Amino acid sequence: MWRRTRGPLAVALGFLVLVPAGTMPSAGRIWRRGPVVTAQASEIEPENIEQVWQVEQNTEYETYSNGLRIEKRFEIGNEPRRYHVYPRGAEDLGGRQERRAPAGIVFHTTESQLADFREDQTGRIRLLGGALLEFVRRERAYHYLIDRFGRVWRVVKESDSANHAGHSVWADARWSYVNLNRSFIGVSVETATQAGSDRAEATAAQIHALRVLTGMLRARYGITARNCVTHAQVSVNPANMRAGYHYDWAANFPYPAVGLPDNYAIAAPGMSLFGFNYDQALVNVTGQPFWKGLLLGEEQLRQDATAQGMSVSAYRQTLAERYRRIL
Ligand SMILES: [Zn+2]
């Protein structure tokens with residue numbers, strides 16, 4: 001999902017306090033022993049990404065060597081993709097770089113009204129799916145929508161940004177990404193996540209489509225497996241510095257079936273790099289077993305605070321300040 005009504009985003013940045021430049025703490029004061037960079041050498045080894053190439057294309061569709069077929073009748077443009085990446089662990093100390101190619105994929109659910117997945121409901125399923133496509137196109141909400149029959153619709157062009165991720169953060173071994181509408185491709189599955197439940201389910205055809213679409217995008221842009229993550233894992237709320245503002249695919253994203261490692265087990269960069277926290281309500285809503293990343297992110301934060309000789313709360317504050325500076 002790309003938008004929630006849980007609270008007004010308009011006030012999200014209202015708490016920011018303008019500090020005169022001369023009174024900002026110096027980098028040396030914040031980073032007593034230099035920035036914490038937690039990447040392991042093994043994480044930055046190049047990955048073997050399966051080759052996938054285009055077989056044919058026309059105005060209606062494209063096909064690819066892994067069986068992917070992309071429907072193009074709803075394709076539309078938006079603002080050209082252009083964004084900055086920041087050196088991981090030293091985001092506010094200079095060294096940012098401009099990029100134009102997508103760095104990753106964010107997986108969403110549409111939070112849709114669903115008809116029962118039965119043959120006698122085919123007409124209704126098609127009607128709901130068609131209305132959803134119109135809506136997604138109007139809002140420039142995602143790059144790709146996978147309908148319930150597993151058809152892959154390109155909506156926003158890959159070369160452009162889409163309004164899918166809102167306030168969001170992620171990081172790989174070298175770079176941090178802030179607000180992923182421009183840096184990550186948004187792929188949404190037509191399904192529902194019920195509030196108060198961690199259930200979000202895809203049909204077998206949708207899981208197959210996710211696999212071949214992910215394979216093609218990874219091959220085309222050299223996207224690492226680590227940068228293929230769900231909206232719940234990247235979503236943050238700057239108004240209260242809590243993670244998980246959106247929680248689509250907070251659980252049950254079929255990582256292995258999509259050909260990816262269990263990325264739920266990655267320490268949440270929002271917590272370890274930018275000081276975001278989480279509340280028990282989020283854990284209750286999303287299902288604790290699936291929030292390994294939050295717990296690992298918290299543990300990383302604790303270790304980094306110790307390495308800096310700071311209390312967890314003081315260290316978290318320096319990270320939050322870093323996030324606000326690069327916003
Ligand atoms: Zn979403």
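**Exercise 1. Strand 11 and its partners**

Which residues point one way from strand 11, and which the other way? Work this out on the predicted model, and then establish how strand 11 is paired with strand 6 and strand 7.

*Solution.* Begin with the directions of the side chains: Phe184, Gly186 and Ser188 point one way from strand 11, while Ile185, Val187 and Val189 point the other way, and all of them are buried. This agrees with the count for the strand as a whole, since six of the six residues in 184-189 are buried and strand 11 is mostly covered.

Next, take the partners in turn. Strand 6, residues 104-109, pairs with strand 11 in the parallel sense over six bridges, and within that pairing Thr109 stands opposite Val189. Strand 7, residues 144-146, also runs parallel to strand 11 and is joined to it by three bridges, where Ile146 has Val189 as its bridge partner.

**Exercise 2. The open sheet**

Determine the order of the strands in the four-stranded open sheet, and explain why one side of strand 5 and of strand 9 is left without a neighbour.

*Solution.* The order is 5-4-10-9, with antiparallel pairing. Strand 5 (97-99) and strand 9 (169-171) stand at the edges with a single partner strand each, and therefore one side of each has no neighbour in the sheet. From one strand to the next, the twist averages 30 degrees.

For a closer look at one pairing, follow strand 4, residues 83-87, which is antiparallel to strand 5 and shares three bridges with it; here Tyr83 stands opposite Arg99.

**Exercise 3. Helix 2, its length and its faces**

Compare the span of helix 2 with the expected one, and then decide which of its residues are buried and which exposed.

*Solution.* The first step is the length: helix 2 has 18 residues, which at 1.5 Å a residue should span 26 Å, and the C-alpha atoms at its ends are 26 Å apart, in agreement with that expectation.

The second step is burial, for which the cut-off is under 20% relative accessible area. Ile125, Gly129, Leu132, Leu133 and Val136 are buried in helix 2, and, viewed down the helix axis, the buried residues fall within an arc of 105 degrees, so they line one face. An α-helix has 3.6 residues a turn, so residues three or four places apart point the same way.

The third step is to ask what lies on either side. The buried residues of helix 2 pack against strand 7 and strand 8 (152-154), whereas the face turned away from the buried side carries the exposed residues Gly123, Leu127 and Arg138.

**Exercise 4. Positive phi values in two loops**

Locate Glu111 and Arg140, and state for each the value of phi and the degree of exposure.

*Solution.* As background, most residues other than glycine have a negative phi. Glu111, in the loop between strand 6 and helix 2 (122-139), has a positive phi near 55 degrees, and its relative accessible area of 25% makes it partly exposed. Arg140 lies in the loop between helix 2 and strand 7; the phi of Arg140 is also positive, near 50 degrees, and at 26% relative accessibility Arg140 is partly exposed.

**Exercise 5. The largest nonpolar core**

Identify the residues with the most contacts inside the largest nonpolar core, and find which element supplies the largest share of it.

*Solution.* The core has 40 residues, and those with the most contacts inside it are Phe107, Tyr144, Val187, Leu213 and Met216. Several elements, including strand 4, strand 6, strand 11 and strand 12 (228-230), each supply at least two residues, while the largest share, six residues, comes from helix 3. Leu213 can be followed further: leaving aside neighbours within four places in sequence, its contacts are Leu68, Tyr144, Ile146, Val152 and Val187.

**Exercise 6. A buried loop residue**

Decide whether Leu180 is buried or exposed, and list its contacts beyond the neighbours within four places in sequence.

*Solution.* Leu180 sits in the loop between strand 10 and strand 11, and at 0% relative accessibility it counts as buried. With those neighbours set aside, Leu180 is in contact with Val106, His164, Ala165, Gly166, Ser168, Trp170 and Val234. Of these, Val234 is 54 residues away from Leu180 along the chain, and the two C-alpha atoms are separated by 8.5 Å.

Definitions and conventions: Residues are numbered from 1 along each chain as its sequence is written. This is a predicted model: local features need pLDDT of at least 70, side-chain atom pairs count only at pLDDT 80 or more; totals for chains, interfaces and linings use all residues. Side-chain values use heavy atoms; hydrogens and water are left out. Buried means under 20% relative accessible area, exposed over 50%, partly exposed in between (1.4 Å probe, protein chains only). Two strands pair if DSSP finds at least two bridges between them. Axes are lines fitted to C-alpha atoms, for helices over the stretch in contact, and angles run from 0 to 180 degrees between N-to-C directions. A nonpolar core is a set of buried Ala, Val, Leu, Ile, Met, Phe, Trp, Tyr and Cys residues joined through side-chain atoms within 4.5 Å. Contact means heavy atoms within 4.5 Å. The expected span of a helix is 1.5 Å times one less than its number of residues. The arc is that of the directions from the helix axis to the C-beta atoms.
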